[in-house]
Amino acid sequence: MRAVTKLLSQITDNKLDLTSFAKDNGFLFAKHEVGIATQGVAIRVKPNDALSTLNKIKHKNLSSIENLAPIAIGCIPFDINQPHDFVIPRVVVGRNQNGDEWITTIDDAEPDFDLIITDTSGTPTYSVSPGVSIEHYLEAVRLTRDAVRNGDFAKAVIARDLIVSCDRPIDLTTVLLRLQNSYRSSYRYLFEGFIGASPELLISVNGTEVTSNPLAGTSRRTGDQELDKQLADQLIASTKNQLEHRIVIDMVHDTLLPWCSYLDWQPEPSIVEIGNVQHLGTEIFGRLSEPRASVLELAYALTPTPALGGHPRDEALTHIHKVEGFDRGRYGGAVGYFNASGDGCFAVSIRCAEIDNTRMQARLFAGGGIVGDSEPLSELAETDAKFQAILNAITQVD
């Protein structure tokens, strides 16, 4: 395979809309106006072969932007041992933080810049039903809380799913545009029917610089600034949420430290506001030592984080498998991209839905960390709030 990278202005004078370029058959990974979108598949590769395959692609960078190269894209499932692969796309377009736009094509690939016109005739009808029953979920939370109190583990995340059915195919481009309008500061993503807007950076590597921004601990937002400030203050003061957050920070720090010559983090968690919820978040940043680990290696080491799995990891995952009642698939894993040098970015795959092949049914996921002070009905309310981002994006009637 041969790849060529050019400035996008050499191809088109139209300002790039990453979301529309990805359409419903491509890949999107974007935050604010920065990110990448792809079309087509050049080759599928197994995780162990991805970096070596990228290095074998003969590449010519004709742009004025340094360090551009072909990339691989994809998802790491919650259970990293489940079969999965990555895709090296035929066409990649991107925009960096400086506003530079580029396009990389492999072999004779031709990009499609035509916008898809959505059929807006009629009003779609949606139905929403639980996957696992609410009773099952509440009992799983109770069993998990009791196991923590018994000393079996420090924390485990229990999730549940919703099934959304539609009387016509769900338009993924429209869903992405809605997420773009409402959750521009999140990592909006699409990969083979897996769609969402994640507020949580799992890992980013740029040269020797490494960054992570784990979130754990959640409360609602109401739109009333004074009330939301009170809720944020309660979140910061909550022993339960601070414990949940501390477990995640310690795990991410301890996992990254062996690969780093320098690693630091914010001394106190900050409030991260995302739509109708707010989280405790802590940025972790450092410098990788040599030989430098790839973002892919670090993503596997971190997946799943205690914010989606638990701590200690093995004990928590065994318990989740026993009580949760469904296969998470790609929910709770990671989604992102990387190049042959090992640079790239992965977000935690939350606030998401799996769209089936007919595009007429979506499976949504949400969960929360369970510790000794957790109350089942409060955890249920937290999952309801977390569902809203992707549920509204799918079922909104324009």
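The lining of the largest pocket in this predicted model divides into 20 nonpolar, 15 polar and six charged residues. The space within the largest pocket comes to about 1,300 Å³. Of the 41 residues that line this pocket, the closest to its centre are Val 34, Asn 96, Ser 204, Asn 206 and Tyr 337.

**Strand E3 and the surroundings of Thr 38**

Thr 38 has its place in strand E3, which spans residues 34–39. With a relative accessible area of 1%, Thr 38 is buried, and its contacts beyond the neighbours within four places in sequence are Phe 21, Ala 22, Gly 26, Phe 27, Ile 73, Pro 89, Val 91 and Val 92. One of these partners, Val 91, is 53 residues away from Thr 38 in sequence, while the two C-alpha atoms are 5.4 Å apart in space.

**Strand E11 and its pairing partners**

Strand E11 covers residues 155–166, and 11 of its 12 residues are buried. Antiparallel pairing links E11 with strand E10 (residues 126–130) over five bridges, and in this pairing Pro 130 stands opposite Leu 162 of E11. Strand E21, made up of residues 310–311, also pairs with E11 in the antiparallel sense, here over two bridges, with Ala 156 placed opposite Gly 310 of E21.

A further antiparallel pairing joins E11 to strand E25 (residues 361–370) through 10 bridges. Within it, Val 164 has Ala 362 of E25 as its bridge partner, and Ile 163 stands opposite Arg 363 of E25. Strand E25 is largely enclosed by the rest of the structure, because eight of its 10 residues are buried.

The antiparallel pairings described in this report, including the one between E24 and E25, are set out below.

| Strand pair | Bridges | A facing pair of residues |
|---|---|---|
| E10 and E11 | five | Pro 130 and Leu 162 |
| E11 and E21 | two | Ala 156 and Gly 310 |
| E11 and E25 | 10 | Val 164 and Ala 362 |
| E24 and E25 | three | Glu 354 and Arg 363 |

**The E24–E25 hairpin and two positive phi values**

Strands E24 and E25 pair in the antiparallel sense over three bridges, and the bridge partner of Glu 354 in E25 is Arg 363, a residue that also stands opposite Ile 163. E24 and E25 form a hairpin with five residues between them. Arg 359 is found in the loop between E24 and E25, and its phi is near 65°, a positive value in a residue other than glycine.

Most residues other than glycine have a negative phi, and most peptide bonds are trans. Arg 351 is likewise not a glycine and has a positive phi, of about 50°; its place is in the loop between strand E23 (344–348) and strand E24 (352–355). Arg 351 is buried, with a relative accessible area of 8%.

**Cis peptide bonds on either side of E21**

Which residues are joined by cis peptide bonds? The bond from Thr 303 to Pro 304 is cis, with omega near -10°, and Pro 304 lies in the loop between helix H7 (295–302) and E21. A cis peptide bond also joins His 311 and Pro 312, with an omega of about -10°, and Pro 312 belongs to the loop between E21 and helix H8 (313–323).

**Cysteines without disulfides**

How many disulfides does a search of the whole structure find? The search finds zero, and two of the cysteines can be followed in detail against the cut-off, which requires a pair of cysteine sulfur atoms within 2.5 Å. For Cys 260, the closest cysteine sulfur is that of Cys 345, and because it is 16 Å away it is too far for a bond. Cys 260 counts as buried, at 11% relative accessibility. For Cys 352, the closest cysteine sulfur belongs to Cys 75 at 9.1 Å, so this pair too is too far apart for a bond. Cys 352 also counts as buried, at 0% relative accessibility.

Technical notes
Residues numbered from 1 in each chain as written. Predicted model: local features only at pLDDT ≥ 70, side-chain atom pairs only at ≥ 80, totals over all residues. Heavy atoms only, no water. Buried < 20%, exposed > 50% of the residue type's maximum accessible area, 1.4 Å probe, protein only. Helix = DSSP H or I, 4+ residues; strand = E, 2+ residues; numbered from the N terminus. Pairing = 2+ DSSP bridges. 1 Å grid on protein atoms, 1.4 Å probe; cavity = no way out; pocket = protein on both sides within 12 Å on 5 of 7 lines; lining within 4 Å. Points joined across faces, edges and corners; volume = space filled by probe spheres on them. Nonpolar A, V, L, I, M, F, W, Y, C, P; charged D, E, K, R; others polar. Contact = heavy atoms within 4.5 Å.
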